[in-house]
Amino acid sequence: MMVCSCNLITDKDIKEVITSLLDEDCWQLIVPGKVYHAMQKRGRCCGCFPNVVDLIVRTTEEYHAARESQGDDVVVFIERLKTFGAEQKTAIIERRQRMAQIA
Ligand code: FES
C-alpha cells in the first residue's frame, strides 16, 4: 500500500527500514525523519507522517513480540512511541489550522 505519494514509498518499504533500524539498536526511538533519512528521502508535504508513526509503532510492537523482549521495557517504550505519535499528529493539525487561517 502506498503511504507516501510524494516519494512513492510503500508500507513494505517503510517496515523494512524500521526493522533494519531495530536490528541496529532495538531500543532507539525511531521517528519518520530517521526512516526517510535511511531511505535517502525527505518529507515534502509530510502529510504521510502520521501514518508513518503508526507503522513505526506497529512494526516495533511486532519486532519485540517476535523477539520476546522483556514486557516492562516494551510497554514503556511503546508508550513513549505512542505519546510521540500523538504529539506529532497534534502538531500537524495545528500547523494545518494555522495555514488555513493564513490562506
Ligand atoms: S505524502 Fe509523504 S511527504 Fe508528502
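A residue is taken as buried if 20 or more other C-beta atoms lie within 10 Å of its own, as exposed if 12 or fewer do, and as partly exposed in between. This criterion is applied below to a predicted model of a protein of 103 residues, of which 17% count as buried.

The protein has four helices and two strands. From the N terminus on, these elements follow the order β-β-α-α-α-α. Along the principal axes, the C-alpha atoms fill a box of roughly 50 × 25 × 20 Å. Among the contacts with a separation of 6 or more, 57% are accounted for by residues 24 or more positions apart.

The mean pLDDT of the protein is 88, and 94% of the residues score at least 70. Confidence varies between elements: helix H4 (residues 71–102) has the lowest value, a mean of 79, whereas E2 has the highest, at 98.

In soluble globular proteins, nonpolar side chains tend to be buried together. In the present model, the largest nonpolar core comprises 14 residues, and the members that touch the most others are Ile14, Ile18, Val35, Val52, Leu55 and Ile56. At least two residues of this core are supplied by each of helix H1 (11–24), helix H2 (32–38) and helix H3 (49–66). The largest share, five residues, comes from H3. When residues up to four places away in sequence are not counted, Ile56 touches Ile18, Ile30 and Leu81.

Two residues other than glycine were examined for their positive phi values. The first to be described is leucine 8, with phi near 55°. Leucine 8 is located in the loop between strand E1 (2–4) and strand E2 (9–10). Its surroundings contain 10 other C-beta atoms within 10 Å, and leucine 8 is therefore exposed.

Cysteine 46 likewise has a positive phi, near 65°, and is a residue other than glycine. This cysteine is placed in the loop between H2 and H3, two of the helices that each supply at least two residues of the core. Because 18 other C-beta atoms lie within 10 Å of cysteine 46, this residue is partly exposed: the count falls between the limit of 12 or fewer for an exposed residue and that of 20 or more for a buried one. Leucine 8, with its 10 such atoms, meets the exposed criterion of 12 or fewer.

Notes:
Residues are numbered from 1 along each chain as its sequence is written. This is a predicted model: local features need pLDDT of at least 70, side-chain atom pairs count only at pLDDT 80 or more; totals for chains, interfaces and linings use all residues. A nonpolar core is a set of buried Ala, Val, Leu, Ile, Met, Phe, Trp, Tyr and Cys residues joined through C-beta atoms within 7 Å. Two residues are in contact if their C-beta atoms, placed from the backbone, lie within 7 Å. pLDDT is the predictor's confidence in each residue, from 0 to 100.
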